[in-house]
Amino acid sequence: MVKHIVMWKLRTFDSGRERQEAAEKIKSGLEALAGKVEGLQRAEVGINFNPAGYDLCLYTELRDRAALDFYQDHPEHLKMKEYIHTVITERVVCDWEC
């Protein structure tokens with residue numbers, strides 16, 4: 001099994017509502033991939049309530065490294081990635097096998 005963690009800081013928005021909508025779009029879009037991408041066994045996005053640190057965290061479990069590669073290039077993931085990069089300022093990632 002591979003675990004894939006990504007954290008993002010959102011850019012500054014004109015309103016708190018816009019910011020929340022962006023966070024919720026990321027959450028719902030990425031979590032929906034668990035039923036669509038072969039090998040992606042679990043996808044969960046948390047929206048940070050603590051004002052310190054990163055704003056969102058993605059936690060995923062994938063069957064193996066090949067499944068992670070497949071996920072990275074999947075068209076539905078690429079659509080989400082394109083959107084995400086329009087609303088973030090920072091991103092960190094960590095992948096490991098267990």
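Here a student and a tutor talk through a predicted model, going from its sheet to its helices and charged side chains.

Student: Let's start with the sheet. In what order do the four strands of the open sheet run?

Tutor: The pairing in this sheet is antiparallel. E1 and E3 pair over seven bridges, and E2 and E3 also pair over seven bridges. Put in sequence across the open sheet, the order is E2-E3-E1-E4.

Student: And which are the edge strands?

Tutor: Look for strands that pair on one side only. With the order E2-E3-E1-E4 in mind, the edge strands are E2 (40–47) and E4 (88–97).

Student: By how many degrees are neighbouring strands of this sheet turned against each other on average?

Tutor: Direction is ignored for this one, and the figure is an average over neighbouring strands of the sheet. The value is 15 degrees.

Student: What angle does helix H1 make with E2?

Tutor: Helix H1 covers residues 16–31 and packs on the sheet, where it touches E1, E2 and E3. Its direction against that of E2 comes out at about 170 degrees.

Student: Then helix H2: which strands does it touch?

Tutor: H2 spans residues 65–73 and packs on the sheet too. Its direction makes about 35 degrees with that of E1. The strands it touches are E1, E2, E3 and E4.

Student: How many of the residues of E3 are buried?

Tutor: E3 runs over residues 56–62, and it pairs with E2 and with E1. It is largely enclosed by the rest of the structure, because the buried share of its seven residues is five.

Student: Which residue in E3 is the bridge partner of Ile5?

Tutor: E1 and E3 pair in the antiparallel sense, so we look across from Ile5 into E3. Glu44 has its bridge partner in E3 as well, and that is Tyr59. For Ile5, the partner is Tyr59.

Student: Now Lys3. Which side chain of opposite charge is nearest to it?

Tutor: Lys3 sits in strand E1 (residues 2–10), and it is buried yet has no salt bridge. A salt bridge needs the nitrogen and oxygen within 4 Å, whereas the nearest opposite charge is 4.4 Å away. That side chain belongs to Glu61.

Student: So which side chain does Lys3 share a polar contact with?

Tutor: Beyond its sequence neighbours within four places, Lys3 is in contact with several residues, including Thr60, Cys94 and Trp96. One side-chain pair is joined by a polar contact of 3.5 Å. The partner is Tyr59.

Student: Which residues are linked with Arg42 in a network of salt bridges?

Tutor: Arg42 forms a salt bridge with Glu44, with the closest N and O atoms 2.6 Å apart. Arg42 also stands opposite Glu61 in E3. Arg42 is partly exposed at 37% relative accessibility, and Glu44 is partly exposed at 37% too. The residues linked with Arg42 in the network are Glu44 and Glu61.

Student: How many residues apart in sequence are the parts tied together by Arg19 and Asp55?

Tutor: Their side chains meet in a salt bridge of 2.8 Å, N to O. Arg19 lies in helix H1 and Asp55 in the loop between E2 and E3, so the pair ties together parts of the chain separated by 36 residues.

Student: Is Asp55 buried or exposed?

Tutor: Its partner Arg19 counts as partly exposed, at 28% relative accessibility. Asp55 comes out at 17%, and the cut-off for burial is under 20%. So Asp55 is buried.

Student: In which helix do Glu76 and Lys79 both lie?

Tutor: The two form a salt bridge, with closest N and O atoms 3.3 Å apart. Glu76 is partly exposed at 28%, while Lys79 is exposed at 53%. They are three residues apart, about one turn of the helix, and that helix is H3 (residues 75–87).

Student: How many salt bridges does the count come to?

Tutor: Among them are Arg19 with Asp55 and Glu76 with Lys79. The count comes to nine.

Student: Last one: what is the relative accessibility of Val45?

Tutor: Val45 lies in strand E2. Setting aside neighbours within four places, its contacts include Ile26, Leu30, Leu56 and Leu58. It counts as buried, with a relative accessibility of 2%.

Terms used. Residues numbered from 1 in each chain as written. Predicted model: local features only at pLDDT ≥ 70, side-chain atom pairs only at ≥ 80, totals over all residues. Heavy atoms only, no water. Helix = DSSP H or I, 4+ residues; strand = E, 2+ residues; numbered from the N terminus. Buried < 20%, exposed > 50% of the residue type's maximum accessible area, 1.4 Å probe, protein only. Lys, Arg positive; Asp, Glu negative; His and termini not counted. Polar contact = N/O pair within 3.5 Å; in protein donor to acceptor, adjacent residues only side chain to side chain. Contact = heavy atoms within 4.5 Å. Pairing = 2+ DSSP bridges. Axes fitted to C-alpha atoms, helices over the stretch in contact; angles between N-to-C directions.
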